[in-house]
Structures are given as structure tokens and as C-alpha cells.
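Student: I should like to understand how the descriptive terms used for a protein model are justified. May we take them one at a time?

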Amino acid sequence: MATDPRLARDPRRINTPPQPPPPPPPLESIPQQKPLDGNNGVNGDSRNPTIPHDEGGFKLKFCTVCASNQNRSMEAHLRLSLASYPVISFGTGSLVRLPGPSISQPNVYPFNSTSYDTMYTELNGKDPRLYRANGLLTMLERNRQVKFGPERWQDWAIGKPRLDHRDDRGSAGVEAGVVDVVITCEERCWDAVMDNLVEREGNLNRPVHVINVDIKDNHEEALIGGRAILELADMLNAAAREERDRSGGEWRNGAGAGDGGASSFDDRVPDIIAEWQEKWPNLPALWSLAWF
């Protein structure tokens, strides 16, 4: 049947080609910091960018904690050390557990005595394709350039000099075996740390801020969490420096007057965390003041 040629000019019958979708927004650029060894990241890993920091001046001492001292606490340990913060790290589990070929076959290691290098060599010998694909070998490559091996929080002798850890990244400044801030990466780790501090009964009579930043235990979330923890550390350190300079005293020289502004800093910590939480709403935070 013939078609009326006038209908061809009907705009409703014209096939308009679809418009291409708008281009994606540009990726956020993160300033790079030159690491201590002069590379653009640990072992050339460009996934570990850091923000430039002043290497001099007063620095709070930090401790990062997760379950096995492998992923989240070590990413935060690395970032804090590259920003020139004194830092140590621990795990709260009974054993170090890494994924294996199945859920029922994890790779299990003891704390304190097994090096990251040993774990890397063993897993690389077992199934390099599997453990490269799931990120374990890359994680262990990072870890073994930070310190010897995973340490257990419950075995830490608080206040005992850590002279055998001089080669660890971030070890300068924590030789005395005490820190100002403990940052856990999971609520159950925060609970374990708090319970353990209660059991220790605070014999040193030294305040310590225990903060939990809840981070999912995967490599991508650990990178985000490490950046967030570094920002929190910067905010806490800036406030501590202000109070110390204002008082003109030595930091943590004792409770009350004469403590170098530490008491005033302690009062400011909840507000600092609240301000930080507004920037990082997907990383729920907990806080408590405890005692070593």
C-alpha cells in the first residue's frame, strides 16, 4: 500500500539518533608524597599515594590495630609512617588467618614469630596464580617492607622499650613502647583492645585515646580507610600541637597542670572525631579514653 509522502515530514515519525552519554567525571587526583626510600610508593606500587606533610615538629604517637595485622592496620601503618608519624601496629586475633583455596582451608600462622617474608614465600610456592589474583602476594609485598611480621596486641609489653624494632617503618619515636592514640579498624578489635586495657589495670597511669574506624576487610576499603585514618591523625596532631605550644610544656609530663597541654587536647578529641566523621560518614567511628 502506498504511503502518503506528507507523512514523511511528520516530526513524530523521524528517527532521531540517540545522544551519546555524557563523559564520566574526572577521577579525583590525590597529591603524591615522596616516600622515605625515594620511590613513588612502596615497591613501586602507585596505589599508595599520600598527601604531603611537614616531617618536622611535634608528632603524636600512633598504633593501628586489626584482626591479623595484615591488611587494614598495615595500610594505615604504612600511610602514617610515610607521613613521618611514629607508629606501631598489631592484631587482636588468636592466630593470623589468611584466605586459602577454600573457606574451610585458611592459611594460619602464629603471631610474633612468623615473618611476612616467610608467608610470601610459602604462598607463592603453593599457588602463585591464586594468591596473586586475590591480592595476598601484593599485600605481603607491602607488609614485608614495613616491618618483620604480624604482632599480637595482647602480647605487647606496654612501656617496654622496643629496641629490636629499629628497622620497622615509623619506629623512630615509639622506642619507649607507649603511644598517644590507638586506632582500631573493626569494632570487635576495639572491644578486644578496651577489654585488654581494663585487664592491665593502667599501671603506667598514662591516658590513651582508643578510636575505632570501621573498615571492611578488603584491599580496596583498606586503601580508603588508610587515607581516612591519615586525615584523622593530621587533625588530632594539629590540635595536640596547638595545646602543647600554648602551654609551653613537655607532652604527657603528668596529669593535670604541667602535662604540656595534653589535658586540653584530651577534651578536644571528641569534637575532632565528630568533625572528621562528617567528612567520612561511611566509616563509623567509636572513641573512648583509656589508660596504659
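Tutor: The discussion below takes up several terms in turn and sets each against its criterion.

Student: What kind of model is this, and what is the mean pLDDT of the protein chain?

Tutor: The model is predicted. The mean pLDDT of the protein chain is 84, and 76% of its residues reach 70 or more. Over residues 11-52, however, the pLDDT is below 50, and this stretch has 44 contacts in the model beyond near neighbours in sequence. Residues 253-257 likewise stay under 50, with four contacts beyond four places in sequence.

Student: Which secondary structure elements does the protein chain contain, and in what pattern?

Tutor: The protein chain comes to seven helices and seven strands. Along the sequence they follow the pattern β-α-β-β-β-α-α-α-β-α-β-α-α-β. Of the contacts with a separation of 6 or more, 70% are between residues 24 or more positions apart. Buried residues make up 48% of the 292 residues.

Student: Why is α1 called oblique to α6?

Tutor: The axes of helix α1 (residues 72-82) and helix α6 (residues 219-247) come within 8 Å and cross at roughly 45°. Angles under 35 degrees count as roughly parallel, and 65 to 115 as roughly perpendicular. The crossing angle falls in neither range, nor is it over 145, so α1 is oblique to α6. The crossing is right-handed.

Student: Which residues make the contact of α1 with α6, and of what classes are they?

Tutor: From α1 come R72, E75, A76, R79 and L80, and from α6 come A222, L223, G226, R227, I229, L230 and A233. By class, the contact has seven nonpolar, one polar and four charged residues.

Student: What makes E75 a buried residue?

Tutor: E75 is placed in helix α1. Buried means under 20% relative accessible area. E75 has 1% relative accessibility and therefore counts as buried. Its C-alpha is 5.6 Å from that of G226, although the two are 151 residues apart in sequence.

Student: How do you know that α2 and α4 are roughly antiparallel?

Tutor: The axes of helix α2 (residues 116-126) and helix α4 (residues 136-143) come within 9 Å and cross at roughly 155°. Angles over 145 degrees count as roughly antiparallel. The value lies over that limit, and α2 and α4 are therefore roughly antiparallel to each other. Their crossing is left-handed.

Student: Which residues make that contact, and how are they classed?

Tutor: Y116, M119, Y120, L123 and N124 of α2 meet L136, L137, L140, E141 and N143 of α4. The classes are seven nonpolar, two polar and one charged.

Student: What makes α4 a mostly covered helix?

Tutor: Seven of the eight residues of α4 are buried. They are L136, L137, M139, L140, E141, R142 and N143. These buried residues pack against α1, β3 (96-98), α2, α3 (128-133) and α6.

Student: Why is W287 described as partly exposed?

Tutor: W287 lies in strand β7 (residues 285-291). A residue is buried under 20% and exposed over 50%, and partly exposed in between. W287 has 32% relative accessibility, so W287 counts as partly exposed. Leaving aside neighbours within four places in sequence, W287 is in contact with W190, H209, V210, I211, V269, P270 and I273. Of these contacts, V269 is 18 residues from W287 in sequence and 8.9 Å away, C-alpha to C-alpha.

Student: What is noted about phi of N69 and of N112?

Tutor: Most residues other than glycine have a negative phi. Phi of N69 is near 55°, a positive value in a residue other than glycine. Phi of N112 is near 70°, which is also positive in a residue other than glycine.

Student: Where do N69 and N112 lie, and are they buried or partly exposed?

Tutor: N69 is in the loop between β1 (62-66) and α1. With 0% relative accessibility, under the 20% limit, N69 counts as buried. N112 is in the loop between β4 (107-109) and α2. Its relative accessible area of 41% lies between 20% and 50%, so N112 is partly exposed.

How values were computed. Residues are numbered from 1 along each chain as its sequence is written. This is a predicted model: local features need pLDDT of at least 70, side-chain atom pairs count only at pLDDT 80 or more; totals for chains, interfaces and linings use all residues. Side-chain values use heavy atoms; hydrogens and water are left out. Axes are lines fitted to C-alpha atoms, for helices over the stretch in contact, and angles run from 0 to 180 degrees between N-to-C directions. Helices (H or I, at least four residues) and strands (E, at least two) are DSSP runs, numbered from the N terminus. A crossing is left-handed if the near helix is turned anticlockwise from the far one by less than a right angle, and right-handed if clockwise. Contact means heavy atoms within 4.5 Å. Ala, Val, Leu, Ile, Met, Phe, Trp, Tyr, Cys and Pro count as nonpolar, Asp, Glu, Lys and Arg as charged, and the others, Gly among them, as polar. pLDDT is the predictor's confidence in each residue, from 0 to 100. Buried means under 20% relative accessible area, exposed over 50%, partly exposed in between (1.4 Å probe, protein chains only).
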